[in-house]
Amino acid sequence: MTTLGAVDAALVSDSPPTPLLEVRGLTTVVDGDGWSAAAVDDVSFSIGRGQIIGVVGESGSGKSLTALSILGLVAPPIAVTGGSILFEGRELVGLREREMRRIRGAEISMIFQEPTTSMDAAFTIGDQLVETIRAHRPVDRRGAEALATQMLDRVGIASAARRLRAYPHEFSGGMRQRVMIAMALLLHPKLLLADEPTTALDVTTQAQILELIGELRTDLGLSVLLISHDLGVVLDIADRVVVMYAGRVVEETPSASVAGSPSHPYTQGLLASKLSLRHRDRPVTVIDGQVPSLRHRPPACRFEPRCPNRLPKCGESEPELADVPGAERLLRCYNPSPWIEP
Amino acid sequence: MTRDVTPAASEAVLTAQVLDATRRGPWRILKSRSATIGTVLVSVFVGLGVIGILLLLVPGLDATWKAQDLGNALQGPLSPGSPLGTDPNGRDLVARSVVAIGVSCVVAIAVTILSLVIGVVAGLVAGYYRGRIDTLIAGLIDVTWGFPIILLAIMFAGMMRPGFTSIILAVALLSWAGIARIIRGYALSLREREFVAAARALGIPGWRIIVTHLLPNVTAPILVLASYYIAVTIVIEAGLSFLGLGIQQPVPSLGQMLAEGRNFLRLSAWQTALPGGLLVMAVLGFNLLGDGLRDLLDPRLSRPQS
Amino acid sequence: MTRFVIRRLAYMAVIMVIASIIVFVSLRITPGDSTNFVITPVSSPERFEELRRELGLDRPLLEQYAKFVGRLMAGDLGKSDISHREVIEIVASGLPYTVALALAAAVLVYGLGIPLGVTAALRRNRWPDQLVTGLAVVGLGIPNFVLAILLIMIFGITLMILPVSGAAGFQNLILPAVVLAVEPLAITIRVVRSAVLDQLGQDYVRTLAAKGLTRGRIIWLHVLRNSLGPVISLAAVQFRSLLGYTLIVEVIFRWPGLGTQLVDAVLKRDYVVAQVLALLLTLVVIVVNTFADIAYAFADPKVRVRVASA
């Protein structure tokens, strides 16, 4: 297992990586009573092997739905209406359900925000772990339990073998999230989608979970799509950051750049707000206004009503997501200004 | 056959909306289609019932439904001289049906009033005073509530002669519990309201508070419950009479007619179709009326289960 | 919680005693020729006194009552005046039929109710749901004896494919079981549907899908297991009403169970049988009710809290 990870790590550093996952123009539409809106609107990004991509945005930005769309976990009235999702060169959009099922849990896994309610309280974690394995591989129960114990051990659960008999409610929040991670990685998927994995946890546990994810990336060659509304969490372990707002990608850049010089006014606002929390004597910096609801989006640039840099043309037409020359960055803005550390 | 009412109802707190609805007057009931149908059916049945009771009680009129004419038995509807046909003994079915409706209605209404009186008093007293008397009454309610009425009615029919008395006793003795349960719930929440605290502070005695403050506030559920329980009682009485343990001959009852007709099923389906249909309509009418009243006054209540 | 249980058990004992007293008293004052509990007409006043002493009827009522209870518990339930059969034999002959009927109905209620409820929840608001829910509404609206007659007419007389009385063979069980099952089935469908819908909205379902489990396994193993709570509480409650229904259905179809025995006894004025049987059934109901209440309180956490604070 570890040797494989080392080999993949070598691949990462040598050649331009063939993206593990390539999302192009993904559009996911929500159908309401007489209206419909794209909660994920023409979103593109890619994830390489062993990379951690962070997706940041407030609630309502469409980031969770992006992840759900990748795994085909959307049901009417929500549906993926356009774009392509290439996983190892294979098109996932429109894939038959039976094929999709084989990928879920085995090639691409997902963990969610609330470890408490995300597991079936009526079954032991051993049952649920074994179930995952046996859904994809012809392993007998004992073999599956051995694999499960090994993975639980790996994620830091003490007395793993005994704990197989325990029920979800017998674990603390942080431990439960570790169990979820174990369950997601049992079959050594290549990609892990983590939807707000630390949001429901306290700060110390947050750090532990993030550290765990980082380790697993190195050891297993795992790629991670880390979704969070908390810029700090993302900057902690992500290689690149994708900033989403109201269904659109507004900035994409390596995380070092975000921390050092964010360009998009929205990203700047997020960072300023995060940093201001450090100073207890000053009021917290916030971004005025609220994320627009699905039905009432500004016609041009969606951030315009709240933007400190807005120009008249921002209200007339929406900027395109474009390469910023000289920097490894994509930006959707007519009027970015340089970042000034507050 | 008392039905269970959802626990949510007994914990309900009366809202301003409920009080407001009662103020807006009885015409609002027409807004609900089921309530309108229910009201119409109930009015028809009660009307017919009154006529039926007259036929039953006024001496001299009993020939209409008693007169037998064996040569003319088992006629179908629209026969000459008998618009609804005749029964196995040649008795005119129009008259018999009307009297039967009257009997069913009277029994159902009488029993329901009796159960309501006992149930409301018990519920209000238990809910308002709490303490030992509440423990006692609540305990009684718990034990009585689930008991199958049919069984008790049969027992009573076994111990005394079957008839009006045994039915009324058996049903009232058990139905009050379901009603008391709900009313107690209302009382429990009402007593926390300000106007009750104010009245108590003024030194007004408990029984007076119950009568002047609590009682008017439970008229809504009482009306709804009345409709439902009348429906349930009609079914119970019909069931008992069907078994032969209810209203005895020659006084007709829908259940009884059903039983008679049952023996002649091969010859004529009409003999059972008529009382069966009337029965279903009567029950439906009261249930719909109850639904309509409930939607209008307090949607948290639900139909009792038999 | 324990206080609640003890209280309910205490009430149960009290009610059982009251019921037995009522029956005891009514047996003493019943008219009729019962040689079991009341004295028969005799030739002379001296013989009368003799018999009184022999039968222990001159002892205080309390002692007689104690003897009565003693005899009941020893299994001596008396003898029928009319047929001279031992009551206990009557019970033994009727019990298996009643149990068979109840079991058949239960199989229908849960064997059909759970799958139909799940289907209605899965195809919510589409035609299967509307059909099933509509049937449930109808099922609740018709009194069961009316339904019984309707079915007798259709299946027994017009179509002639099912027998409508007696217990000659397995087919005889079908119509009575169906009639008995209709109302509990309608309610079960609604409860299952609502419980499943509840579960489908829970987070863990999404996780199970993300693990790559098949829809079948998610629904029929996980969701169903979590939906059964309310169904079990409901079953406890439905148990109570079952007895009343069974009596009527047995009589309509002349199914030789305890219900028919009881009603026959009442109609024939066979007081001993009628009242002892009624007492037995009453005791069974009381016991079942009490345990159903206790089970319900355990199962439903909301009730448990309310009860504990009462």
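Helices and strands here are DSSP runs, numbered from the N terminus. Read that way, chain C of this predicted model is a run of helices from end to end: going from the N terminus, its elements read α-α-α-α-α-α-α-α-α-α-α-α. That makes 12 helices and 0 strands. Of the 310 residues of chain C, 38% count as buried. Among contacts in chain C with a separation of 6 or more, 71% link residues 24 or more positions apart.

As for confidence, the model as a whole scores ipTM 0.82 and pTM 0.76. Chain C has a mean pLDDT of 77, with 79% of its residues at 70 or more. Its elements are uneven in this respect: helix α8(C) (residues 203-210) has the highest mean pLDDT, 92, whereas helix α12(C) (residues 301-309) has the lowest, 47. Two stretches of chain C call for some care. Over residues 32-40 the pLDDT stays under 50, and the model has 19 contacts beyond four places in sequence for this stretch. Residues 302-310 of chain C are also below 50, with 9 contacts in the model beyond near neighbours in sequence. Where pLDDT is low, the predicted coordinates should not be read in detail.

The domain assignment splits chain C into domain 1 (1-80 + 275-310) and domain 2 (95-256). Where the two meet, domain 1 puts in 9 residues and domain 2 puts in 8. On the domain 1 side, the residues that touch domain 2 come out as 7 nonpolar, 1 polar and 1 charged.

Chain C also touches both of the other chains discussed here. With chain B, the contact takes 35 residues from chain C and 37 from chain B. On the chain C side, the elements that give two or more residues are α1 (2-29), α6 (144-158), α9 (215-252), α10 (258-267) and α11 (271-299). Of these, α11(C) gives the most, with 9 residues. The chain C side of this contact divides into 25 nonpolar, 7 polar and 3 charged residues.

With chain A, 14 residues of chain C are in contact with 20 residues of chain A. Here the chain C elements that give two or more residues are α8 and α9, and the largest share, 6 residues, comes from α8(C). This side of chain C divides into 4 nonpolar, 6 polar and 4 charged residues.

What surrounds helix α12 of chain B? The buried residues of α12(B) pack against α5 (93-129), α11 (219-243) and α13 (270-297) of chain B, together with α6 of chain C. Because 7 of the 10 residues of α12(B) (residues 254-263) are buried, this helix is largely enclosed by the rest of the structure. The buried residues are L254(B), G255(B), Q256(B), M257(B), L258(B), A259(B) and G261(B).

Over in chain A, there is an open sheet of 8 strands with mixed pairing, in the order β6-β7-β8-β3-β9-β10-β12-β11. At the edges stand β6(A) (108-111) and β11(A) (322-323); each has a single partner strand, so one side of each is left without a neighbour in the sheet. Helix α7(A) (residues 173-185) packs on the sheet, touching β6(A) and β7(A) (191-195), and its direction makes about 165° with that of β6(A).

Strand β8(A) (residues 223-228) is mostly covered, with 6 of its 6 residues buried. In a regular strand the side chains alternate between the two faces of the sheet. For β8(A), both faces are covered: S223(A), L225(A) and I227(A) are buried on one side, and V224(A), L226(A) and S228(A) on the other. β8(A) runs parallel to β7(A), and 5 bridges join the two; among the residues involved, D195(A) has I227(A) as its bridge partner. Strand β3(A) (residues 52-56) also pairs with β8(A) in the parallel sense, over 5 bridges, with V56(A) standing opposite S228(A).

Antiparallel pairing turns up elsewhere in the sheet. Strands β9(A) (residues 240-245) and β10(A) (residues 248-254) pair in the antiparallel sense over 6 bridges. One of the bridge partnerships there is that of Y245(A) with R248(A) in β10(A).

Notes: Residues numbered from 1 in each chain as written. Chains lettered and ligands numbered in written order. Predicted model: local features only at pLDDT ≥ 70, side-chain atom pairs only at ≥ 80, totals over all residues. Contact = placed C-beta atoms within 7 Å. Helix = DSSP H or I, 4+ residues; strand = E, 2+ residues; numbered from the N terminus. Nonpolar A, V, L, I, M, F, W, Y, C, P; charged D, E, K, R; others polar. Domains from an automatic or database assignment. Buried ≥ 20, exposed ≤ 12 C-beta atoms within 10 Å, placed from the backbone. Pairing = 2+ DSSP bridges. Axes fitted to C-alpha atoms, helices over the stretch in contact; angles between N-to-C directions. pLDDT = per-residue confidence, 0-100.
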